[in-house]
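Me: I have just started learning to read protein structures, and I would like some friendly help. Could you take one part of this one and walk me through it closely?

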Amino acid sequence: MGWEATLLTAILLLLAAFMSGAPLFVAFLAINLTGVAVFLGPAGFGMVANSIFDTGNNADLATIPLFILMAEVLFRSGTVDILFDAVDKLIGRMKGRQYVLTISLSTVFGALSGAGMAVAAMLARTVFPTMRDRGYDTKLAIGNILAGASLAPIIPPSVLAIVIGTLSNTSIAGLLIGGIIPGLMLSAMFLTYTMLRVKFNPSLAPDDGQDVAPKISAGEKLRAIAGCMPFALIIFSVMGFIMFGIATPSEAAATGVLAAIITAAYYRRLSWKMITESLGTAAFITSMILLIMASSRMFSQLLAFTGATTELTNLIVSLGWHPMLMLFIMMAIPFVLCMFIDQIALMLVVIPIYQPLLTTLGFDPIWFWLIMLLNVTVGGISPPFGYVIFAFQGAADKVQISDVFRASWPFVVLFLLGMVALAAFPPLVTALPSLFK
Amino acid sequence: MGCYRTLIRWHDQLTVVGYYLGCAALAIIFGAYIIEVFGRYFFNAPQWWASEAVSYSLCAGTFLMMPYVTWKKGHVAVALIFDMLPENGARVALWLTYLLGTLACGFAAWITMEETIRQYVNNVHLMAVKPVPKYLVSVFIPFGFASSTLHFFRLLEFKAIDPNNSGSGFSEG
């Protein structure tokens, strides 16, 4: 069998195994064990065992449970409610202020949480009913929440950035720092788009009389800012420590957990029950993610062994296509697949194939993988099977899935525009990481 | 039948013990890094053991928790097919995924156990400041796969399969 047939068969079999509904780690295991039996024989099974061990024993991946634990402590303790109230008080009177509140909150939550689903579910339970009751446009409100929640995997801390960094051997600190500007840029784009729509169609937001912001004195505003300070400490404990080289990403994640616990204690929300529940959820999700990663690792080694990776790189070189055309093709495939397949599973298939091509095409790894991060993140809000969509629909009352689908498309387009901007202006991604090298 | 039920109960209890040990492993990861950072900056005393404790705890915790994730049907899956098929078809499809899970995990348990035994027999040590026998860390891997095999096997009881509860968690968290 030629390398083209091998590569195509491997990918098709893997996609078929995913779509069969089997747990992803089982799908990877089944395909990899079969592949090893075919190409290496029984002598290769020891390699599978060692590849599983190497992934499970990788200290860099300890960042994942710690980031999840940090968000769990904040969300389960209810301390994020204080942040919610503080941000609410700081946003003044304006038409469509609930939209502004949603996006501002999402951006701040994005800096405290590494995954979008929890943020989507929380906003669906808190902000969304208020917006609906006050007469805000349902679809624009849903779109705001979905898009805002999708900032979480981009603005550090980000679980997906850790996965991508570990698999592609790219600087995790670089990827985390590189996500700051794109995350804030997208947040600004969502806000601009929403406010422009409200400006041109005022019926999308209720009249000021119906949606009056509470009258807040200057003293209360100062207290609200002071209330945000412990959260600033958490963000600094993670990003500040990484940026100034005080700690590695894993250590910074641990200091972030400590800061989250101190914050919960400061607001008298700390309890043994909350801590054990947070530990349980974080350990559960970590096991889930690491099992997929451990089971998949042999896939890249098999591709390399069969020569598929080298031959694909040679083919790309011989084609001589413009790197930007290659970038478009390399992004278009995951964009389509991410509508149907889990983001991490897709990354595990794509990274071993793409990684060798980056040097050939002259792409900066942090720049390329950050665009890829946006690409797979948008999969969470792309109909028909986005996880953030389902998390929102599961938490929100009386929402038609067709409305959610329609609501997400404009923001998917905004994400794509964001990716084009990053592709056209690489410093948007690379400037910060190079400053803090 | 009574004996079978007792074995099931023991297996469930062992799975719950694994859950708590998995949580403890995460607590160790957190504690080790905090001690490392504070030791380094406040006491000028970097801890040689911290990074190793983290690696070993991550491996142990992941695979100690694995049977619990399988038991609670928490593994990530693209579960669209179960929504698209009629109820009986979905039940058959689920049964097939459990069968695949039993076979794949069983095979993985076997090869990882064989590798662990090889490490024990050959006295393989991990490269570290204080080298420890590799089998002491890797033994959690066959445990996780073997116990998950049993959970998948227990799910094979066709009549008990609920197509509306295929489980499937989300990897993004």
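The part I would like explained is helix α16 of chain A, with its surroundings, and after that a few details elsewhere.

Reply: Happy to help! Please keep in mind that this is a predicted model, and that every value below was computed from it.

Let's begin with the helix itself. α16(A) has 15 residues, and at 1.5 Å a residue they should span 21 Å. The C-alpha atoms at its two ends are 22 Å apart, which agrees with that expectation.

Next, which residues of α16(A) are buried? They are M326(A), L327(A), M330(A), M331(A), P334(A) and F335(A). Here it helps to know that an α-helix has 3.6 residues a turn, so residues three or four places apart point the same way. Looking down the axis of α16(A), you would find its buried residues within an arc of 165°, so they line one face of the helix. What does that face pack against? The buried residues of α16(A) pack against four helices of chain A: α15 (308-319), α17 (343-361), α18 (365-378) and α20 (401-424).

Now for the outside. L315(A), L319(A), W321(A), L325(A) and F328(A) make a nonpolar surface patch of about 480 Å². Two elements of chain A, α15 (308-319) and α16 (323-337), each give two or more residues to this patch.

Two neighbours in helix α15 make a nice pair to study. L315(A), a member of the patch, is found in helix α15 of chain A. Its relative accessible area is 38%, so L315(A) counts as partly exposed. I316(A) lies in helix α15 of chain A as well, but I316(A) is buried, with a relative accessible area of 11%. The cut-off behind these words is simple: buried means under 20%, and exposed means over 50%.

What does I316(A) touch, if we leave out residues up to four places away in sequence? Its contacts are M326(A), L357(A) and L361(A). M326(A) is one of the buried residues of α16(A), so this contact joins what you have just read about the two helices: the buried residues of α16(A) pack against α15, among others. I316(A) and F328(A), by contrast, are twelve residues apart in sequence and 14 Å apart in space, C-alpha to C-alpha.

From here we can turn to the salt bridges. Side chains of opposite charge can pair when their charged atoms come close. The structure holds ten salt bridges over all chains. One of them is in α20 of chain A, a helix you met above as a packing partner of α16(A): the side chains of D403(A) and R406(A) meet there at 3.3 Å, N to O. These two residues are three apart in α20, about one turn of the helix.

A second example comes from helix α4 (residues 63-77) of chain A. R76(A) and E72(A) form a salt bridge there, at 2.6 Å from N to O. Because they are four residues apart in the helix, about one helical turn separates them. R76(A) is partly exposed, with a relative accessible area of 38%, whereas E72(A) counts as buried at 17%.

Chain B offers a third example. R40(B) forms a salt bridge with E36(B), and their closest N and O atoms are 3.0 Å apart. At 24% relative accessibility R40(B) is partly exposed, while E36(B) is buried at 9%. Both residues lie in helix α1 of chain B, four residues apart, about one turn of the helix. Back in chain A, salt bridges that share partners join E72(A), R76(A), K273(A) and E277(A) into one network.

Finally, a word on the backbone. Most residues other than glycine have a negative phi, and most peptide bonds are trans. Where can you look for exceptions? R268(A) has a positive phi of about 55° although it is not a glycine. R268(A) sits in the loop between α13 (249-266) and α14 (272-306) of chain A, and R268(A) is exposed, with a relative accessible area of 79%. N44(B) also has a positive phi, of about 50°, without being a glycine. The loop between α1 (2-42) and α2 (50-71) of chain B holds N44(B), which counts as exposed at 67% relative accessibility. As for peptide bonds, a cis one joins P156(A) and P157(A), with omega about 5°. P157(A) belongs to the loop between α8 (138-149) and α9 (159-168) of chain A.

How values were computed
Residues numbered from 1 in each chain as written. Chains lettered and ligands numbered in written order. Predicted model: local features only at pLDDT ≥ 70, side-chain atom pairs only at ≥ 80, totals over all residues. Heavy atoms only, no water. Patch = residues over 30% accessible without salt bridge, like charges linked within 9 Å, V, L, I, M, F, W, Y side chains within 5 Å. Areas by Shrake-Rupley, 256 points an atom, 1.4 Å probe, with all protein chains shown as cover. Salt bridge = Lys/Arg side-chain N within 4 Å of Asp/Glu carboxyl O. Buried < 20%, exposed > 50% of the residue type's maximum accessible area, 1.4 Å probe, protein only. Expected span 1.5 Å × (residues − 1). Arc of directions from axis to C-beta. Contact = heavy atoms within 4.5 Å.
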